[in-house]
Amino acid sequence: MAKKRDEREVGMIMDGVIESMPQYAKELVAGGLAGGIAKTVVAPLERVKILFQTRRAEYQSIGLLGSIKKIAKTEGFLGFYRGNGASVARIVPYAALHYMAYEQYRRWIILSFPNFNRGPVLDLLAGSFAGGTAVLFTYPLDLVRTKLAFQVVAPSKSSIHGLVVREHVYRGISDCFSKTFKEAGLRGLYRGVAPSLYGIFPYAGLKFYFYEEMKRHVPEEQKKNIMVKLVCGSVAGLLGQTFTYPLDVVRRQMQVQRLLASNNTEMMGTFETLSSIARKQGFKQLFSGLSINYLKVVPSVAIGFTVYDVMKTYLRVPSRDEAMVEVVTNKRNIQSSSLNT
């Protein structure tokens, strides 16, 4: 009896907390959890993909299974999660901002342009602006994550047996931050942000576009089905990533240029890097790791959208139509009260 009473009390406290939260805070929480869970599930494939994109000679030549075996042999199980701390530290605020900003931009467009069609183009625009906003706020964490994932560090026992030369540039997230800032200042922390923005605007927009457009064709009684949400999210991520993947390769190579270059080498910009990759490494390198990315993106985007929708239901976030009715009503009330005064 006491246990049930405690559970009821905890439930009442949680209900009070949820009810007191503003809508944007609920969207931030739902988005952050969605991003963190999705990123952790696919972290091993993300590590292999980054090594494919930046260490072509060492890893691309031995393929996916060979790369997995090499990481397991030289770095152990934790090697698959190298850089994941920085990745999760980045993705939680990134996803929280991304989803929340998408909802806010969507509402702003509808309120500012009442005659604008509430179709897939609205989701495309809101998703694109939201993606750009989230990138600008969280990019330094993405840079740190890539640098940590790029370095290969063998366990001490492996070094003794001569399996790999120990390459340890950064000791962790804070060390990577401080060293990068000392080397190149704030500009160094935003190295590669241009291709990120070029890529995120179409990718984020297309992702929301395809997801919301597919959901519109789902029968009403199936819209809350988790498997349906997973399928819609998978297809959305797959299509969005295919169109924008070469810019992801450019971004990764720009992020690790300073680690690969000599002191006298001049850092290249976005289009110089794109041209250099195509000229020196071949056009196919611009799609290096795409097959792994498909394996990563399908579950990642599917899990992200599904967790976000489920968390919105749990946190009692009103549907978009209900929220818009409430916003419009509040706006009219404010306008009428100001006229009366």
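Accessible areas were obtained by the Shrake-Rupley method with a 1.4 Å probe. For this predicted model, the accessible surface of the protein amounts to about 17,700 Å², and carbon and sulfur atoms contribute 63% of that area. The protein contains 15 helices and zero strands. Of its 341 residues, 46% are buried. Among contacts with a separation of 6 or more, 78% are made by residues 24 or more positions apart.

The interior of the model was then examined for enclosed space. Rolling a probe the size of a water molecule over the atoms shows where empty space is left. Five cavities of 30 Å³ or more were counted, and the largest cavity has a volume of about 650 Å³. Its lining comprises 37 residues, of which Arg-90, Ile-91, Tyr-94, Ile-200 and Tyr-203 are the closest to its centre. Seven elements give two or more residues each to this lining: helix H2 (23-41), helix H3 (43-54), H6, helix H7 (120-150), helix H10 (193-216), helix H11 (226-255) and helix H14 (290-314). In composition, the lining of the largest cavity divides into 16 nonpolar, 10 polar and 11 charged residues.

Two residues illustrate the surroundings of individual positions in helices H2 and H6, both of which contribute to the lining of the largest cavity. Glu-27 is located in helix H2. Its relative accessibility is 1%, and because buried means under 20% relative accessible area, Glu-27 is classed as buried. Beyond its neighbours within four places in sequence, Glu-27 is in contact with Ala-96, Met-100, Glu-103, Gln-104, Arg-107, Tyr-308 and Val-317.

Asn-84 is placed in helix H6, which spans residues 84-112. With a relative accessibility of 11%, Asn-84 also falls under the 20% limit and therefore counts as buried. When residues up to four places away in sequence are set aside, Asn-84 touches Lys-39, Thr-40 and Ala-43.

Cysteine residues were considered last. The structure holds zero disulfides. Cys-176 has a relative accessible area of 0% and is therefore buried. Cys-232 is likewise buried, with a relative accessible area of 3%.

Conventions
Residues numbered from 1 in each chain as written. Predicted model: local features only at pLDDT ≥ 70, side-chain atom pairs only at ≥ 80, totals over all residues. Heavy atoms only, no water. Helix = DSSP H or I, 4+ residues; strand = E, 2+ residues; numbered from the N terminus. Buried < 20%, exposed > 50% of the residue type's maximum accessible area, 1.4 Å probe, protein only. Contact = heavy atoms within 4.5 Å. 1 Å grid on protein atoms, 1.4 Å probe; cavity = no way out; pocket = protein on both sides within 12 Å on 5 of 7 lines; lining within 4 Å. Points joined across faces, edges and corners; volume = space filled by probe spheres on them. Nonpolar A, V, L, I, M, F, W, Y, C, P; charged D, E, K, R; others polar. Disulfide = S-S within 2.5 Å.
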